[in-house]
Amino acid sequence: MLLCEAVGMTDMDLAEIREANAKIEQAKEAERLARLELGRVIAQVRARGVKQSAIAKELGITREQVRRLEDAARKVGER
């Protein structure tokens with residue numbers, strides 16, 4: 001038997017859990033949008049001739065990650 005089955009959850013308990021979970025979902029969406037914005041900025045900077053390796057070094061990520069961010073932003077822009 002689970003603890004929640006033994007004690008039972010109130011509507012208030014469920015509301016608090018749902019509210020906390022909603023905050024996590026909002027944070028995930030905010031992160032997704034921020035990554036797309038970063039990808040758009042990377043694409044703009046790359047169009048001005050900045051190399052992937054320079055961007056990667058500045059961000060502390062790999063060139064492949066830079067490419068993926070840029071590609072993801074382009075794909076969203078194509079829709």
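**Helix packing in a four-helix chain**

User: Which residues of H2 are buried?

Analyst: Helices are DSSP runs (H or I, at least four residues; strands are E, at least two), numbered from the N terminus. A residue is buried under 20% relative accessible area, exposed over 50% and partly exposed in between, with a 1.4 Å probe and protein chains only. Under this criterion, the buried residues of H2 are Leu-36, Gly-39, Ile-42, Ala-43 and Val-45.

User: What kind of model is this?

Analyst: Residues are numbered from 1 along each chain as its sequence is written, and side-chain values use heavy atoms, with hydrogens and water left out. Local features need pLDDT of at least 70, side-chain atom pairs count only at pLDDT 80 or more, and totals for chains, interfaces and linings use all residues, the structure being a predicted model.

User: Against which helices do the buried residues of H2 pack?

Analyst: The buried set of H2 includes Leu-36 and Ile-42. These buried residues pack against helices H3 (52-59) and H4.

User: How are H2 and H4 oriented to each other?

Analyst: Axes are lines fitted to C-alpha atoms, for helices over the stretch in contact, and angles run from 0 to 180 degrees between N-to-C directions. H2 (residues 11-47) packs with H4 (residues 63-78) at about 100°, the axes being 7 Å apart. Angles under 35 degrees count as roughly parallel, over 145 as roughly antiparallel, 65 to 115 as roughly perpendicular and the rest as oblique. H2 and H4 are therefore roughly perpendicular.

User: How many charged residues are in the contact of H2 with H4?

Analyst: Contact means heavy atoms within 4.5 Å, and the participants include Arg-35, Arg-40 and Arg-46 of H2 and Glu-70 and Arg-74 of H4. Ala, Val, Leu, Ile, Met, Phe, Trp, Tyr, Cys and Pro count as nonpolar, Asp, Glu, Lys and Arg as charged, and the others, Gly among them, as polar. Nonpolar residues number nine and polar residues one, while the charged residues number five.

User: What distance does H2 reach from its first C-alpha to its last?

Analyst: The expected span of a helix is 1.5 Å times one less than its number of residues. For the 37 residues of H2, the expected value is 54 Å, and the reach is close to it, at 54 Å.

User: What is the radius of gyration of the chain?

Analyst: The chain has four helices and zero strands. The radius is taken over C-alpha atoms, and the globule rule is 2.2 Å times the number of residues to the power 0.38. For 79 residues the rule gives 12 Å; the chain lies well over this, so it is more spread out than a compact globule, with a radius of gyration of 20 Å.

User: What is the relative accessible area of Gln-52?

Analyst: Gln-52 lies in helix H3. Leaving out residues up to four places away in sequence, Gln-52 touches Arg-46, Arg-63, Val-66, Arg-67 and Glu-70. Gln-52 is buried, its relative accessible area being 15%.

User: Which residues of H4 make the contact with H3?

Analyst: H3 and H4 pack at about 100°, with axes 8 Å apart, and are therefore roughly perpendicular. On the H3 side, the contact involves Gln-52, Ser-53, Ile-55 and Ala-56; on the H4 side, Arg-63, Val-66, Arg-67 and Glu-70.

User: What distance separates the C-alpha atoms of Ala-72 and Glu-58?

Analyst: Ala-72 is found in helix H4 and counts as partly exposed at 33% relative accessibility. Ala-72 and Glu-58 are 14 residues apart along the chain, and their C-alpha atoms are separated by 20 Å.
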